[in-house]
Amino acid sequence: MALKILLNGKLVGEKDAKISVFDHGLLYGDGVFEGIRAYSGKVFKLKEHIDRLYDSARYIMLKIPVSKRKMSEDILKTLRANSLKDAYIRVVVTRGVGDLGLDPIKCPQATYFVIADRIALYPREFYEKGLKICTVSTRRNLPEALNPRVKSLNYLNNILAKIEGNIRGVPEALMLNNSGFVAECTGDNVFIVKNGEIRTPPASVGVLEGITQATVIELAKKFRIKVRREIFTRYCLFTADECFLSGTAAEIVPVIEVDNRKIADGRPGSITKKLMLEFRKVVKRSGTSIY
Ligand SMILES: Cc1ncc(COP(=O)(O)O)c(C=O)c1O
């Protein structure tokens, strides 16, 4: 069934949801976005996603043409228009139409759109057996160049890493920062567990501040598991008791092998499994009601 897309505040059919070839989102990757999930009729962490979207826009001096409240309503409206309860939502704001030069001053009006679609879930096997990942040679963007905290339309850094992962035949690729510290995967944050404590890199390493990552930290605290936001190298990864990734699309997914080395016994760890179970409960009982 054709989807209804919200484009610049109006619902249109999928075929009519078109933007100009002069839009700088397309010409230069000049824009920001969010990926959000809805579970059982509720949007998970809507406020957090909206706040991050507006912060990303502020960083690139992009004025989003509607208020946060209107954007939240537009997201709910798009879900309702498509009768969705469980969904993946993509919100995109571009610099808008300009000329062929890159100057954003020449783009008077930002373009925004919301797509809400059925969620394509990752294979069950990923969650039951865990993932094999590898470290790639593409380094995560320098925060001084394009800060990875910005969820910008410029994902080529991550895509180059993904291509390396594809060549090596693994579903996720791990990037280091320019100093060789563990940063994040192409679309997920990374966690390790050692001696009952959790570690995940801080934003200063140069990573996206994940909303799922923050949720994992909340859940861990509830279980009285210590979480340290500290930089670490691959030494800690290779010698970890457990490893897992977090992200809106992936949720929490165990990692059982890095660079052909097994993590501990090569099976999803007990703390990872506990957090996965709790996460699934939390997403169903909290969030902003769609209907
Ligand atoms: C590069 C990157 N890191 C981490 C994440 C996980 O962030 P979140 O949990 O907010 O989806 C994402 C996904 O949005 C991402 O693209």
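This is a guided tour of one protein chain and its ligand, stop by stop, in a predicted model.

**Stop 1: the whole chain**

Show the protein chain as a cartoon. It has 8 helices and 16 strands. Along the principal axes, its C-alpha atoms fill a box of roughly 55 × 45 × 30 Å. For 291 residues, a compact globule would have a radius of gyration near 19 Å, and the chain has 19 Å, so the two agree.

Now colour by burial. Of the 291 residues, 41% count as buried. Contacts can be sorted by how far apart the partners sit in the sequence. Among contacts with a separation of 6 or more, 71% join residues 24 or more positions apart.

**Stop 2: the open sheet**

Select the strands β2, β1, β6, β5, β3, β4 and β16, in that order. Together they make an open sheet of 7 strands, with antiparallel pairing. β2 and β16 (residues 288–289) are at the edges; each has a single partner strand, so one side of each has no neighbour in the sheet. As background, strands of a sheet pair through backbone hydrogen bonds, and the pairing can be parallel or antiparallel.

Start at the β2 edge. Strand β1 (residues 4–7) pairs with strand β2 (residues 10–13) in the antiparallel sense, over 4 bridges. Select L6 and look across to β2: the residue opposite is L11. The two strands form a hairpin with 2 residues between them. In that turn, N8 has a positive phi of about 50 degrees.

Then move to another pair in the sheet. Strand β3 (residues 31–39) and strand β5 (residues 87–94) run antiparallel and are joined by 8 bridges. To see one of the partnerships, select A38, whose bridge partner in β5 is A87.

**Stop 3: the ligand**

Select the ligand and show the residues around it. Which of the 14 come nearest? They are G210, I211, T212, G247 and T248. Colour the shell by residue class: 2 of its residues are nonpolar, 10 are polar and 2 are charged.

Next, see which elements supply the shell. α6 (residues 211–222) and β13 (residues 242–247) each give at least two residues. The most comes from α6, with 3 residues.

**Stop 4: helix α6**

Keep α6 selected and hide the rest. The helix has 12 residues, and from its first C-alpha to its last it reaches 17 Å, close to the 16 Å expected at 1.5 Å a residue. Which residues of α6 are buried? They are I211, T212, Q213, T215, V216, L219 and A220. Two of these, I211 and T212, are also among the residues that come nearest the ligand. After the helix comes R224, which has a positive phi near 60 degrees.

**Stop 5: two loop residues with positive phi**

Go to N195, in the loop between β10 (residues 189–194) and β11 (residues 197–199). N195 is not a glycine, yet its phi is positive, about 50 degrees. Is N195 buried or exposed? N195 counts as exposed because it has 7 C-beta neighbours inside 10 Å, and the cut-off for exposed is 12 or fewer.

Now select A264, in the loop between β15 (residues 261–262) and α8 (residues 270–285). A264 is also a residue other than glycine, with a positive phi near 50 degrees. A264 has 15 C-beta neighbours inside 10 Å, so A264 counts as partly exposed.

**Stop 6: two arginines**

Follow the chain into helix α8 and select R285. With 9 C-beta neighbours inside 10 Å, R285 counts as exposed. Draw a distance from R285 to K162, which is 123 residues away along the chain: their C-alpha atoms are separated by 33 Å.

The last selection is R139, in the loop between β7 (residues 131–135) and α5 (residues 156–168). R139 has 17 other C-beta atoms within 10 Å, so R139 is partly exposed. What does R139 touch, leaving out residues up to four places away in sequence? R139 touches M175, L176, N177 and N178. Finally, draw a distance from R139 to L160, 21 residues apart along the chain: the separation between their C-alpha atoms is 9.5 Å.

How values were computed
Residues are numbered from 1 along each chain as its sequence is written. This is a predicted model: local features need pLDDT of at least 70, side-chain atom pairs count only at pLDDT 80 or more; totals for chains, interfaces and linings use all residues. A residue is near a molecule or strand if its C-beta atom, placed from the backbone, lies within 6 Å of it. Ala, Val, Leu, Ile, Met, Phe, Trp, Tyr, Cys and Pro count as nonpolar, Asp, Glu, Lys and Arg as charged, and the others, Gly among them, as polar. The expected span of a helix is 1.5 Å times one less than its number of residues. A residue is buried if 20 or more other C-beta atoms lie within 10 Å of its own, exposed if 12 or fewer, and partly exposed in between; C-beta atoms are placed from the backbone. Two strands pair if DSSP finds at least two bridges between them. The radius of gyration is taken over C-alpha atoms; the globule rule is 2.2 Å times the number of residues to the power 0.38. Two residues are in contact if their C-beta atoms, placed from the backbone, lie within 7 Å.
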